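Colleague: I'm new to this one, so could you pick a single part and take me through it slowly? I'd like to follow the strands and their partners.

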Amino acid sequence: MKIIKILIFIIAMVGVFYLGAYINNQYVPSFKMISFREIALASARNKTALVIDDLIVNDEADVLIYEKDYLIPVSVVQRYMDDSMFIEGDKILITYANKYIKMQLDHKDYYENGQKKTSNLEPRRIAEMDYVPISTFSALYHLEISYIEENDILLIQKKETQKTLGNLIKNTELRLGPDKKMQIVEKLKKGAAFYIYEKGEEWSRVRTQTGMVGYLKTKYINEIGEVENTVVETAIPKRLPEGKISMLWHQITVVSANPKIEDLEKIPGVTVISPTWFGIKNIKGDLKDIAEPSYVEWAHQNGYEVWPLISNSFNEQEMTHEALSNVETREKMINQIATFVEEYHLDGINVDIENIKRDTGRYFLQFIRELAICANRNQFILSVDMYMPSGSTEHYYRKELGEVIDYLCLMAYDEHWSTSRESGSVASLPWVRKGVETTINLVPKEKVILGIPTYTRLWIEKDGTLTQKSAQALGMESAYKNLIDHQAPIYYDEETEQNYGEYEKDGSIYRIWLEDEMSIEKRLEVMKSYGLAGTATWKKGFEKETIWPIYSKYILQGEK
């Protein structure tokens, strides 16, 4: 009996213990304090803490103070303010808000859109980490910078960040997280002011005016009102074409190939002409120029805009890398392009840099960013030609390009091309739609121009294998005539959604997937259904004249 009483007592004590623990866990708040410098990982390094809006930045975020100015790591700027800040050797390059800034480590002098300026503090490389004077960029990035001496915090506020001013209606605690069991960051008194960044039903994320970040009980907050956005945009908006774009590439490889004006005829359904006049000539950044001013004059008189193409001859990997990977040669090319635009009265530029190496990609992106600043300041259209999405072309940075260019011309062709191991369509419709869908997930659809081919290929197979003479490019009329001349039946191929024909000759099978009025209309339907900016057609001379009225319906009239 005594043993039973002891057991009952032990069980009761255990129950009381767990009940107390439960009550403590559910209802008793934490009274443990935590140092803000400990949260910011600043105490271990004995460094100034960094707070950007309501974010406590503790990744590589040593703040260096010199003569009342502040150096912060470039990596922090890239992560929280401007991911386009670019390091090239001892140069720090910025392409932001229509400004191109070039700084050099250990130099106070820098250049902004070619104008020499001087900062209070020079950028530095310390322990293999690059630092920039953030005060130099406060106006560029719309920042308010202050140093909270009492907490040893450098506070950076973005003026455009949405926030609400509030104060406390009673004494309470600022906690590390949205839970009363979280540690206390600071004890606040009634009337204390702060900024509200996230308002929840029970807890709200705030930052005090002394730079402390944490959570307050929402019921203790009195909202005073939203803080007015003080950012004033001064950039001149660029004039973009009205309505849908229909660009036609005109391949011209030498000066003598420029057409005589009297031989040119206006093409219905076309709004932009892109002659292939310019190209990267060497690693020094010299550009080829075979432009013909009278062609531009004729185009303007007939209502066309002129966006000449600049290429790397669609190849030349090493030359392209050398030319793009040097800030001086990029600037040289961009200055030449600006001169071409002014001298020839051009409306835009179409960049077609193809077949670049993977390690060239970041320099290609930087070239386009720098060229975009020039295009915005000089008010000309910048379009960039782009492959259909694939794993082998991810280094073209489509998403980042889409943020700075006016248009991306999706080269929706060469699904099967000259070196393909099997025959097939140049651009089957399902393949085109898939490429468009992937692209507009990365680039705004209103910036995407659909590339349309007016050529196809003649495939020759012998014993199931493509011959060396296979994959010959044919224009629309030539391809159709080839099938008719060989009395080949033409039928609709449901897989590619194109007309197809084949015939046998000398023991070989000849195959052609036709580009014709039907395929053109289907491609224009893709453009319309996905809400794209327009079309770009490769190339002048391959087309049938009968396709242009179809373009007119979709481009000029905007109807099927």
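Modeller: Let's start with one pair of residues: Lys102 has Tyr111 of strand E8 as its bridge partner. Keep in mind that this is a predicted model. The two strands here are E7, residues 99–104, and E8; they run antiparallel and are joined by 2 bridges. Together E7 and E8 make a hairpin, with 4 residues between them. Look at Asp106 in that turn: its phi is positive, about 65°.

Now stay on E8 and look at its two sides. In a regular strand, side chains alternate between the two faces of the sheet. Strand E8 covers residues 109–112, and Tyr110 and Glu112 are on its covered face. Asp109 and Tyr111 make up the uncovered face. So Tyr111, the partner of Lys102, belongs to the uncovered side.Going on along the chain, E8 also pairs with strand E9, residues 115–118, in the antiparallel sense over 4 bridges. Here Glu112 stands opposite Gln115 of E9. E8 and E9 form a hairpin too, with 2 residues between the strands. Asn113 in this hairpin has a positive phi, near 50°.

From here, let's move to another sheet. It is an open one of 11 strands with mixed pairing, in the order E24-E23-E26-E27-E28-E29-E30-E37-E21-E22-E25. Its edge strands are E24 (287–289) and E25 (305–306), and each of them pairs on one side only. Inside that order, E29 (residues 407–411) and E30 (residues 448–453) are parallel and share 3 bridges. Leu410 has Leu450 in E30 as its bridge partner. There's a helix to look at here as well: H7, residues 361–378, lies across E27 (348–352) and E28 (381–387), and it runs at about 160° to E28.

Last stop, the aromatic rings. The whole structure has 22 aromatic pairs. In one of them, Tyr387 and Tyr396, the ring centres are 5.4 Å apart and the planes are at 80°, so the pair is edge-to-face. Tyr387 is partly exposed at 23% relative accessibility, whereas Tyr396 is buried at 2%. Elsewhere, ring pairs link Trp277, Phe278, Tyr295, Trp298, Tyr304, Phe340 and Tyr344 into a cluster. Some rings also have a charge over them: the charged end of Lys539 sits over the ring of Phe542, 4.9 Å from its centre, and Lys544 lies over the face of Tyr480, 4.6 Å from the ring centre.

Technical notes. Residues numbered from 1 in each chain as written. Predicted model: local features only at pLDDT ≥ 70, side-chain atom pairs only at ≥ 80, totals over all residues. Heavy atoms only, no water. Phe/Tyr/Trp six-rings, centres within 6.5 Å; stacked < 30°, edge-to-face > 60°. Buried < 20%, exposed > 50% of the residue type's maximum accessible area, 1.4 Å probe, protein only. Lys NZ or Arg CZ within 6 Å of the ring centre and 35° of its normal. Pairing = 2+ DSSP bridges. Contact = heavy atoms within 4.5 Å. Axes fitted to C-alpha atoms, helices over the stretch in contact; angles between N-to-C directions.
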